[in-house]
Amino acid sequence: MKRSTKSTVIVATVALAAFVTSFSATIASSPAVLSAKGLAEAGASAEAGQGPPQGPPPAGTPPKPLVPVAASSVANNPDPYVNEYVTMTGAVEANLSRTSFSVDQDKTKPTGKDVLVIAPTLQKPTDVNAYVTVIGQLIKFDEKEVAAKLKDYQIDLSAADVAKFKGKPVVLATAVINTAGIDIAKKPIPPMTADDLALQKIMTKLPPAQGAVRKTLDSKDVPGAKEQATIVKDAFTQIETFFKAKNNAEATKWATEGRNHAEAILVNLGLNNVEAAKTSITPLGATCASCHGKYRERMDDGTFRLKIGG
Ligand code: HEC
């Protein structure tokens, strides 16, 4: 009896550990995924009209406090730092590929205890022997785990380095700060294209009109609600036209759905049925969130771009 109780406890502990691991893997996925999730959530609440719109955290914001550490401490005893988000300082030992390098504790001589850094957005090689501070999640190097955490990234290390670093600590860096204080892993922010500007012009009309539809329905102001719902409907028609011209069937479908919900509001207002009109508000907001989750990208400066290819 005693034995079976014990094994139950072990099973429960393993299950909990598995849960914690999968949970942290979920929240610690690549910055792009993080920001997309944040956007979808922030968008969903703002667009459904629950409270003031809350901006998502900047892309790459770690979900846990950062742990400062020297590369030498990681090399000597990595275990306490595994899965933590670290700011790790060390001297560059070698640039190993376009997106990876190793750091060491000593500027003057190799110690044989270097720590791998993978920085998918690295913009230029690091200066060998100079100090860098890297920010990112520390894991033990394993090709499958790197692929799971960095969805759009291809490991570009040599086969020899892959073998050499297997099971050793690696920092999946979102920032690489050099001695000049410059983050050489910061992606440049592309200028807005004509498409971005065209969409921005349509989109910025939507939140105020959507808010006004809600308010006028609440106060049973039927003419006011008709006016605002027409603005929403016209904006959705423009979005539909935009994505149809891009041959993007999925985004066009969401725009059509949004237009249909706006039209349903107008039909019900025509029947003086304010309560029925209100039922379209939430599904209308859901079309914004669906499209933004896939086709809108937030830049580090808080501006948005059309995300091509979803
Ligand atoms: C079919 C796709 C789609 C739908 C539906 C959609 N949006 Fe957008 N939205 C986008 C895209 C793409 C962008 C990024 C535009 C750009 O490139 O600047 C955007 C940007 C925005 C912005 C940021 C504008 C700026 O630059 O400041 C707001 C606000 C916005 N949308 C609100 C809404 C609201 C509210 C709804 C629903 C009532 C909605 N959108 C429905 C695709 C969509």
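Visitor: Which residues touch the most other members of the largest nonpolar core?

Guide: In this predicted model, the largest nonpolar core holds 34 residues, and Val117, Val170, Val171 and Ala173 are those that touch the most other members. The elements that each give two or more residues to this core are helix 3 (71-76), strand 2 (85-95), strand 3 (100-104), strand 4, strand 5 and strand 6. A second, separate core has 21 residues, including Ala229, Leu269, Leu284 and Cys291.

Visitor: How should I read the surroundings of one core residue, and with which residues is Val170 in contact?

Guide: It helps to set aside the neighbours within four places in sequence, and for Val170 the contacts that then remain are Leu116, Val117, Ile118, Ile139, Phe141 and Phe165.

Visitor: Is strand 6 largely enclosed or exposed, and why?

Guide: A residue counts as buried when 20 or more other C-beta atoms lie within 10 Å of its own. Strand 6 spans residues 169-177, and because seven of its nine residues are buried, this strand is largely enclosed by the rest of the structure.

Visitor: Which strands pair with strand 6, and in which sense, parallel or antiparallel?

Guide: In a regular strand the side chains alternate between the two faces of the sheet. Here, strand 4 (residues 115-118) pairs with strand 6 in the parallel sense over three bridges, and Val117 stands opposite Val171 of strand 6. Strand 5 (residues 131-140) pairs with strand 6 in the antiparallel sense, over eight bridges, and Lys140 has Pro169 in strand 6 as its bridge partner.

Visitor: For contrast, is Pro68 buried or exposed?

Guide: A residue counts as exposed when 12 or fewer other C-beta atoms lie within 10 Å of its own. Pro68, which lies in strand 1 (residues 67-70), is exposed, since 11 other C-beta atoms lie within 10 Å. Pro68 and Tyr81 are 13 residues apart in sequence, and their C-alpha atoms are 10.0 Å apart in space.

Visitor: Turning to the ligand, how many residues surround it, and which are the closest?

Guide: The ligand is surrounded by 24 residues, of which Asp196, Met203, Leu206, Cys288 and Cys291 are the closest. The elements that give two or more residues to this shell are helix 6 (194-203), helix 7 (206-218), helix 8 (222-245), helix 9 (249-270), helix 11 (281-295) and strand 8 (304-306). Helix 11 provides the largest share, five residues.

Visitor: How do the residues of that shell divide by chemical character?

Guide: The shell around the ligand divides into 14 nonpolar, six polar and four charged residues. Cys291, one of the closest residues to the ligand, is also included in the second core.

Terms used. Residues numbered from 1 in each chain as written. Predicted model: local features only at pLDDT ≥ 70, side-chain atom pairs only at ≥ 80, totals over all residues. Near = placed C-beta within 6 Å. Helix = DSSP H or I, 4+ residues; strand = E, 2+ residues; numbered from the N terminus. Nonpolar A, V, L, I, M, F, W, Y, C, P; charged D, E, K, R; others polar. Pairing = 2+ DSSP bridges. Core = buried A, V, L, I, M, F, W, Y, C linked by C-beta atoms within 7 Å. Contact = placed C-beta atoms within 7 Å.
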